[in-house]
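Me: Could you take a close look at one part of this structure for me, and walk me through it slowly? I am in my first year, so please connect each point to the one before it.

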Amino acid sequence: MEPAEPRLTHVDYLEVECKSALNPVKNMGFSWSLNPYTGCEHRCAFCYVRAFERRADRPSDDRYGRSIRVKINVAAVLRSELSRRSWRKETVVIGAATDPYQPAEGRYRLTRQCLATLRDFSNPTAMITRGPMVVRDIDVLGDLARRADLHITFSIPTLDDDVWRKTEPGTAHPRQRLRAIEKLVTSGIDVGVGMAPILPGLSDRPDRLEAVIKAARAAGATGLWAGMLHLKDGTREHFMSVLAKHWPELVPRYEAAYRAGAYLPPAFGRPALDEVARLRSMHRVSDRRRVILKPPPEPVQLSLLN
């Protein structure tokens, strides 16, 4: 059996100044994203950002994640943007294109600075991460949750050690993520699990799906959603090379399933998603927090009656 891809021992950090912090987003269910870093040391084989990197004429193969652009002024720029009279306090999603708690955050603390800024403006915030380092900022997150809506999604596609090691080589073990969820939820923060992407033939077996769902409930996750793998150009080439290296017997299946495009046809993916829905209901994954941090209700405006 081929060994898993080793963790990187050397990553180049390029410190840059950004002109904008907030990015307008279309067709993703939210309108604004924020990414303190460009590039990600987690180097997940299936990462959809590889497709964006390819379009930007940057490496999308195994060189991806070996150079991280650090937006050293991102918190100051964010503060300026939130101060604009035109800003409507829309939800800002952190981590849609690169993990905000990748190893670089331990050194630069830019995500923490941005969270503090969002807290100061009582701005609704959501976050997507695979990084247990998030518990370091439980104080800022708690303050933010008391002032504005806050939701964190931990991405946990599988608990299978072999699949995790070979497809998410730079990430913390999924069990560490579950422990982080438990700490955050115990403090009153809204934290759910995203089972994405589910990999056909690797992580879509009913027993493997149930393992994640049961663990999510045990950790206190407030909710759970799932999504199947999609392979756009840039992501497709790298993922297929990983598949050929570690699971060559699955290559024909993937070539057939994704022949028509980047997205898995319903006939291939619907059974797994239906099973997730069934198991989520059976194990009653829902918000069971004993302590709930939330902003105060909006003041009621009274009108004078004639």
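Reply: Let us begin with strand β9, which covers residues 191-198 and is joined to β10 by four bridges, the two strands running parallel. This is a predicted model, and the description that follows should be read with that in mind. Within this pair of strands, Val193 stands opposite Leu224, a residue of β10. Helix α8, made of residues 206-219, packs on the sheet here and touches both β9 and β10, and its direction makes about 170° with that of β9.

In general, the strands of a sheet pair through backbone hydrogen bonds, and they may do so in a parallel or an antiparallel way. The sheet in question is an open one of seven strands, placed in the order β2-β3-β6-β7-β8-β9-β10, and its pairing is mixed. Its edge strands are β2 (22-24) and β10 (224-228), each of which pairs on one side only. From one strand to the next, the twist averages 25°.

A second helix brings us back to β9: α7, residues 174-186, lies across β8 (150-155) and β9, and runs at about 165° to β8. To follow the surroundings of this helix, we can turn to Val135, which is found in the loop between β7 (125-129) and α5 (138-147). Leaving out residues up to four places away in sequence, Val135 touches Ala180, Lys183 and Leu184. Val135 and Ile181 are 46 residues apart in sequence, yet their C-alpha atoms are 8.6 Å apart in space. Val135 counts as partly exposed because its relative accessibility is 25%, and that class lies between the limits of 20% and 50%.

For a residue with another degree of cover, look at Ser33, which belongs to strand β3 (residues 32-34). Ser33 has a relative accessibility of 5% and therefore counts as buried, since buried means under 20%. Apart from its neighbours within four places in sequence, Ser33 is in contact with Ala21, Leu22, Asn23, Val25, Val92, Val93 and Ala96.

Finally, the same idea of cover can be applied to a whole helix, namely α4 (residues 110-120), which is mostly covered, with nine of its 11 residues buried. Among these buried residues are Leu110, Cys114, Leu115 and Leu118, and also Arg112 and Arg119. Just after α4 comes Ser122, which takes a positive phi of about 50°.

Definitions and conventions
Residues are numbered from 1 along each chain as its sequence is written. This is a predicted model: local features need pLDDT of at least 70, side-chain atom pairs count only at pLDDT 80 or more; totals for chains, interfaces and linings use all residues. Side-chain values use heavy atoms; hydrogens and water are left out. Buried means under 20% relative accessible area, exposed over 50%, partly exposed in between (1.4 Å probe, protein chains only). Two strands pair if DSSP finds at least two bridges between them. Axes are lines fitted to C-alpha atoms, for helices over the stretch in contact, and angles run from 0 to 180 degrees between N-to-C directions. Contact means heavy atoms within 4.5 Å.
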